[in-house]
Each structure stands twice: as structure tokens, then as C-alpha cells.
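Reader: Got a minute for this one? Let's pull it up and start with the cysteines.

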Amino acid sequence: MASFNLTPSDSSTFILMGIPGLEAAHVWISIPFSMFYFIGLLGNVTVLYVVGKEQSLHKPMYLLICMLALTDISTSTFVVPKALCIFWFNLKDITVGGCLTQMYFLHAASVMHSAVLVTMAFDRYVAICNPLRYTTILTNARIAKLGLVGFIRAVLLILPETLLLRRLPFCANCIIPNTHCEHVAVAKMSCGDITANRTYGLIIAFVVIGFDLMLIALSYGLIIRAVLRISSKKAHQKALNTCTAHICVILTSYTPALFSSLTQRFGQGIAPHIHIILANLYFLIPPLLNPIIYGVKTKELRDKLAKYTCKM
């Protein structure tokens, strides 16, 4: 990413403005930003450590929770440290190469995050609809292969998006009204035709959010059908309780992502700082809440977390 086709000004840097209209409050905004980030980082690292140390947790479901924790750490880390540098030290410059690199890894991690949620939905489907075959259908090796497929999908989906941006000529005084390099915001800095970029961005949004949500909905439709066939109310409750944590994680992950994507493209009447805050919530809220949700709702993990907490 060393050479880029730029305008005659040969601008080699972008300026990240943070949250436009709220510059005077950047220091105050940094307080919840940093708190959410460091608490989320601590929670996810703790989950990874406990699952790694406890042999009894080396099961498909907990491997998926670790994958989710890794994607949560990645997405927030690609955004928040740079945002804090803007808020605290007014370090707004970012090179074109650095910007495209941040955007690539950030979007790839987000796509991977969605793939993990789909795999979790499949895990819950097998656990409830085929409990006797669960250990033969979902082995640790198979989960690893599914994770690799999700990783390859993320890499291949986001690569054309970055290459399409790389070919664009960028104007002088490239000011990005955001805390990070977001695809549409970077494309708008170009002096060229960005129709292909907009189209491909929408394709990714519909493929990732639309297709993945459809697979999750299909899994839960089959789960509900299987549960309704069970005569015992106690069994109903037990089966549905196994899905509660995953449903909560889906809501915390997809809701801000969907709102951010739609307002970025179609919410022209919405104030710019609302766009930016919604976009940043997607990188702050799921990493903060997901380890709490699984720590509270998953008994085996909760007991192990309690054990290590008491030791500390």
C-alpha cells in the first residue's frame, strides 16, 4: 500500500476530526470511550485466559466464545486507541496507507464477528435439535475449520473494497469527519467517481448483515419448531435458556451495526455527530457486554470465572 494515485497536491495524509460539532467535549467523551474499551478488553482477555487454562472448557461452544472475544478485541482496538489520541492529544493525522490498513482490518474483523455469530447459531441448533449427535457433528476440529472459512470470507470480501479505494484520486485537505477510517467517509474524500465503491459497500452490508441474519433466523426457526414439539414445559424452558446468551449477543452486535450502516447511507437529515456516535457504539458496546452476557448466562464459564476471581 505504499503508492496511491493522488491529486496534483499529492496529499499523503488524511485528517480525522473525531466527532464533528462536539470538539469542545472531546475530553469528556473520552472518559466513557476509555472506560468501555478497557473494561471490555479486561473482560474478553479474562474469558480467553480462563477458557485457555481450563481443560474442561475446551469444547466447541467455548471455542466459539473465544473467537467472539478475539473479534471483539480486534474491532475495538482498531478504533479506540486512535480515537483517544484524537481526544487527548489532538493527533488527527493519519497516512493514506495507514487509513486504508485500519479500514481493511476493521471491516474484516467485523465480517469475521458476524461469521462467528452465525456459527454460534448453528451450534445452538445442533445442541437442541440433535443433542445425541452434538459431539460427533461439532468437534473442536470442525469448529476450527468453520472459523477458518469465516476468516477467509472476511479477507476476500473486504479486499476488493480496499482495492477500489486505492485506485481513487484523493483531493487535497482530506478531512474525514470521524474517529476512524470508515469506507463511505474515505470514499467521499475522492475527486473521482465513487459509484463502484458505494455499490460494493452496499453489497457487503446486505451479504454480511442480510445473509448472516437470514441464516441465524433459519437456525432459530428450526429451534423453535423443535422446542414446540417437546411436551414438557420444563424442557421448553431449559432448551430456550441455552439460547438466551446468544440472542442477547446478536441484539448487541447487529442493532448498532444496522443503524450505523443505514444512517450512514440514507440518513442525510441526521446530525453528523449522531452518525459518528452510532458508528462508535458498534465498536464499544458488544466488546463490553459480550463477556458479561456469557459470564452471567453460561453456568460452567461463570463457575470457572468465579474460581479464578477468588484466587486473585
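Author: Cys85 is partly exposed, with a relative accessible area of 25%. Buried means under 20% relative accessible area, exposed over 50% and partly exposed in between, with a 1.4 Å probe and protein chains only.

Reader: What's the nearest cysteine sulfur to Cys85?

Author: That of Cys181, 13 Å away. Cys85 is in no disulfide. A disulfide here is a pair of cysteine sulfur atoms within 2.5 Å.

Reader: And Cys129, what's the nearest cysteine sulfur there?

Author: The sulfur of Cys243, at 8.8 Å. Cys129 is in no disulfide either. Its relative accessibility is 25%, so Cys129 counts as partly exposed.

Reader: Before I go on, where do these numbers come from?

Author: This is a predicted model; local features need pLDDT of at least 70, side-chain atom pairs count only at pLDDT 80 or more, and totals for chains, interfaces and linings use all residues. Residues are numbered from 1 along each chain as its sequence is written, and side-chain values use heavy atoms, with hydrogens and water left out.

Reader: How many disulfides by that rule?

Author: One. Cys99 and Cys181 form it, with their sulfur atoms 2.0 Å apart. The pair links distant parts of the chain, 82 residues apart. Cys99 is in helix 4, and Cys181 is in the loop between strand 3 (175–176) and helix 7. Helices (H or I, at least four residues) and strands (E, at least two) are DSSP runs, numbered from the N terminus.

Reader: Left- or right-handed link? And are the two buried or exposed?

Author: Left-handed, with -125 degrees about the S-S bond. Both Cys99 and Cys181 are buried.

Reader: Switching to helix 6. What should its 27 residues span?

Author: 39 Å, at 1.5 Å a residue. The expected span is 1.5 Å times one less than the number of residues. The end C-alpha atoms of helix 6 (residues 140–166) are 39 Å apart, which agrees.

Reader: Which of its residues are buried?

Author: Among them are Ile143, Gly147, Leu157 and Glu161. What covers the buried residues includes helix 2 (60–77), helix 4 (96–129), helix 7 (183–187) and helix 8 (195–228).

Reader: Last one. At what angle do helix 1 and helix 11 pack?

Author: About 100 degrees, with axes 10 Å apart. Axes are lines fitted to C-alpha atoms, for helices over the stretch in contact (heavy atoms within 4.5 Å). Angles run from 0 to 180 degrees between N-to-C directions. Helix 1 and helix 11 are therefore roughly perpendicular, a class that covers 65 to 115 degrees.

Notes. Angles under 35 degrees count as roughly parallel, over 145 as roughly antiparallel, 65 to 115 as roughly perpendicular and the rest as oblique.
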